[in-house]
Amino acid sequence: MSIGKKDILKNIGLTIYRGELFALMGPSGAGKTTLLRILNLFDDPASGDLMFGGMLLNNSTFGEKNNIRRRMSMLFQTPAVFNTSVFDNVAYGLKIRKADKDTIEKKVGNALSIVGLAGKEKQKALTLSGGEAQRMAFARAIVYDPDVLLLDEPTANLDPANVAKIEEIIKRIRSEHGTTIVIATHNIYQVKRIADRVGILLNGELIEVNSKEGIFSSPLDARSSAFINGEMIY
Amino acid sequence: MSSVDFLFEGIIKAFDLIIGLDPYVLSITGVSIRVSGTATILAALTAIPLAFALSFLDFRGRQVLITLVNTGMGLPPVFVGLFIFVMLVPAGPLGFLRMIFTPEAMIIAQYILVTPIITGISLAAIKAVPGSIIETVYTLGGREMDAIIVTLREAKSGIITAILAGLGRALAEVGAILIVGGNIAYTGSIGGIGEGLSYTRTLTTAITSETSKGDISTSIALGIILISLNLSVNLLANLIQRRD
């Protein structure tokens, strides 16, 4: 995917490669969520080109964008939970794709097993704890095998045990399904643990895109180094 | 006779009329349910799609329409009755329909009164659904219709409340239906219709006429039936919501 410019994002030139785990790192308010929303085709860039799989999406209709969006999934920092059972929440993406009943049962069971919520199918989703709700949202996001998974600070509100579980799930999905994953986070340690490549976003500007090793051992931009070393740059 | 005596007599009479399946009371109750029920169903069929259109579509005049809906929630029933009356009297623009003093005219009046109420409350219920729910539908590949269906499901309790509020308003309404319905009950057997049966007389309009005749205990009895009816509807809705 290539991004041009957007008012609150400047000089964004970025390509995400198939199957990689790309971490978008930066402090709060840097524009990470805005960039993810553009990648998920929620918002249009004010100028520049936006491409998916070689297809230019600048003048796409809502329906065309929706068809592309059906190949993606996005997970928010705070999951939105439908007022139904855990099963119905997770099955939602399959139901709107008109999957048959057997497929739905099988895939929902598998997704819930991956996120460690097997056996909670009938539970009211609104009664889940915060960590469980996020894992259920994760199951809902992966149940239809999206090509691209966009994660907006998925562990920001979770305790260390749930953070570890979510990271394990991310790694498993990527290795088993080859899903392209973009994760927005301000957690440097998380990036070290799971990412392939890293982009650092500061004040709406993508100041550096580098391999994980490159970013942490020999950053190209002095501001990257300052951010990684915990200096406040806003 | 003191007021308390009237009240006790009214309660006893209410039981007598209900248990004895009094034909006059049954026909009045039947007209009330038929008129208010039909008006509420028609209003809900208009109001709920309208509330969704006002929530999901961005069209010219949307804000004006929302203002009109909010204003309509407080429409004075007697004014609505007067307006419908002027339209439907034989000399009026819609006089050829010959609907004045019919249950149909009462349905129209209550439809006008109830539609803004159901629309307004449904609109508030839909707006209370977090934007993140709708965004999640889209992130999972849903289309606009999917977002509408999920919103309907999430706002269901509020929408049921809206319909109940509309039905409550319709059942309790008296000013408009008195003007356009005429509070007609047959005092003799006319054209095969049984004696003492209601044509356009409802529980509320009957209370006004019984009170003006000085039959306070019958009025209280009818009032108790009216309140019981409202209570039953609410209990039923409560049951449905709890089951869900």
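## Around A:Leu150

Not counting residues up to four places away in sequence, A:Leu150 touches A:Leu36, A:Leu39, A:Asn40, A:Met72, A:Met74 and A:Val182 (contact here is C-beta atoms, placed from the backbone, within 7 Å). This is a predicted model, where local features need pLDDT of at least 70, side-chain atom pairs count only at pLDDT 80 or more, and totals for chains, interfaces and linings use all residues. Residues are numbered from 1 along each chain as its sequence is written, with chains lettered from A and ligands numbered from 1 in the order in which they are written.

## Two cores

A:Leu150 also turns up among the residues with the most contacts inside the largest nonpolar core, which has 70 residues. Such a core joins buried Ala, Val, Leu, Ile, Met, Phe, Trp, Tyr and Cys residues through C-beta atoms within 7 Å; buried takes 20 or more other C-beta atoms within 10 Å of a residue's own, all placed from the backbone. The largest share of this core, seven residues, comes from helix H5 (residues 130-142) of chain A (helices are DSSP runs of H or I, at least four residues, numbered from the N terminus). Apart from it lies another core of 53 residues, including B:Ala51 and B:Ile117.

## A helix pair in chain B

Helix H5 (residues 103-127) and helix H8 (residues 156-172) of chain B pack at about 155°, axes 8 Å apart; axes are lines fitted to C-alpha atoms over the stretch in contact, and angles run from 0 to 180 degrees between N-to-C directions. That makes H5(B) roughly antiparallel to H8(B), the label for angles over 145 degrees.

## Where the chains meet

The contact takes 13 residues from chain B and 15 residues from chain A. On the chain B side, H6(B) gives the largest share, five residues.

How values were computed. Two residues are in contact if their C-beta atoms, placed from the backbone, lie within 7 Å. Helices (H or I, at least four residues) and strands (E, at least two) are DSSP runs, numbered from the N terminus. A residue is buried if 20 or more other C-beta atoms lie within 10 Å of its own, exposed if 12 or fewer, and partly exposed in between; C-beta atoms are placed from the backbone. Angles under 35 degrees count as roughly parallel, over 145 as roughly antiparallel, 65 to 115 as roughly perpendicular and the rest as oblique.
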